[in-house]
Amino acid sequence: MNIVTCTAPVNIAVIKYWGKRNEALILPINDSISASLDVAQLCAKTTVMSCPTFDSDRIWLNGREESIDNERLQSCIRNIKRQGTLSTGMEKWKVHICSINNFPTAAGLASSAAGYACLSTALAKLYKVNNDISAIARTGSGSACRSVFGGFVRWYMGVDAEGTDSIAKQIVPASHWPEMRIIILVVDDLRKKISSAIGMQRSVQTSELLRYRAEHCVPKRIEEMHQAIIHKNFEKFAELTIKDSNQMHAVCLDTYPPCSYLTDVSHAISDLIHAYNNAVHSTKVAYTNDAGPNTVLYLLEKNVPEIVGVLQHFFPPGNDQNIDYIRGNLPSGIIP
Ligand code: PMV
């Protein structure tokens, strides 16, 4: 019997991936950039086990057995088994997978990204795959390719029709910007109504704004963000993060029928952040939302106490607009 266990971080995009040019291979229409989060209570942990006596592949998610016949899951397992360099016939052994997430699944906290990054890394170790793991993770869930690394990570869309160059690369490790902090505001931990896969597909089919974004906005913005990270220019980083999140959600509303992921509380948080930045005459806090109402703030360590005070003042515990706070640093990446 062979067993491997890994943990992988959640990643939160600061330049968003929204839209595929190839659904089956999960090839995006633009590059994206994210940070992987080093938050103990926000990671996926996966154990994979192969054994000659197992008679079928099986998977348990958060302790419950789920169907293994999920197309994306199958594609990940197939890719790994095909690329494996085992010599003893072990590639024919069936595999059992146990994965746990300790955060709201599918509530816009990139649960599938951490999950597929973790699964791909664990399986790659089990089957001794030496190729790029980010490309395999991508076939499970696009953004998962970025969770394969720590620090700030860029997913290059690539140009190859087969997707061989659609891979993620680390821009800088977390140690490059040790003052960077995140605060996750959990507005709602329910499962999102429209999955990002469905939302994106609908946007690609119906949103003219999405086409404009991919062709004219992101190419410039992604280079600016890359440089802002390298030069630790927080003001630029924050402005680009906010603009890109809002543009993604504008695309979602431009989609027909529209995908609306933000709630009144999400909007109230972004209004508050703008009011705060305005009052201090500097962009000290960035906010961003994925395909869900929860907001992630990026800020520097020295500003954390003041921001937490402001948030607790305007969103006091027990209020209708109740939010939970999860604080963290940036990240080391996958822990084998
Ligand atoms: O990888 P998916 O299919 O869960 O898509 C993720 C899309 C966003 O989280 C909204 C943006 C991103 O770049 O992570």
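Which residues do ring pairs link into a cluster?

## Aromatic cluster

In this predicted model, the cluster comprises F152, W177, F234, F237 and Y298, joined through ring pairs. The search of the whole structure yields eight aromatic pairs. One of them is formed by F234 and F237, whose rings are tilted, with 5.8 Å centre to centre and 40 degrees between the planes.

## The pair within helix α6

Both F234 and F237 belong to helix α6, which spans residues 234-254. They are three residues apart, about one turn of the helix. F234 has a relative accessibility of 8% and therefore counts as buried, since the cut-off is under 20%. F237, at 0% relative accessibility, counts as buried as well.

## From helix α6 to strand β14

F237 also forms an aromatic pair with Y298. This pair is edge-to-face, with centres 5.5 Å apart and an angle of 85 degrees between the planes. Because F237 lies in helix α6 and Y298 in strand β14 (residues 295-300), the pair ties together parts that are 61 residues apart in sequence. Y298 has 0% relative accessibility and so counts as buried.

F237 thus takes part in a tilted pair with F234 and in an edge-to-face pair with Y298.

## A charge over a ring

A contact of another kind involves K169 and Y156. The charged end of K169 sits over the ring of Y156, at 5.5 Å from the ring centre.

Conventions. Residues are numbered from 1 along each chain as its sequence is written. This is a predicted model: local features need pLDDT of at least 70, side-chain atom pairs count only at pLDDT 80 or more; totals for chains, interfaces and linings use all residues. Side-chain values use heavy atoms; hydrogens and water are left out. Rings of Phe, Tyr and Trp (its six-membered ring) pair if their centres lie within 6.5 Å; planes under 30 degrees apart count as stacked, over 60 as edge-to-face and the rest as tilted. Helices (H or I, at least four residues) and strands (E, at least two) are DSSP runs, numbered from the N terminus. Buried means under 20% relative accessible area, exposed over 50%, partly exposed in between (1.4 Å probe, protein chains only). A charge sits over a ring if NZ of Lys or CZ of Arg is within 6 Å of the ring centre and within 35 degrees of the ring normal.
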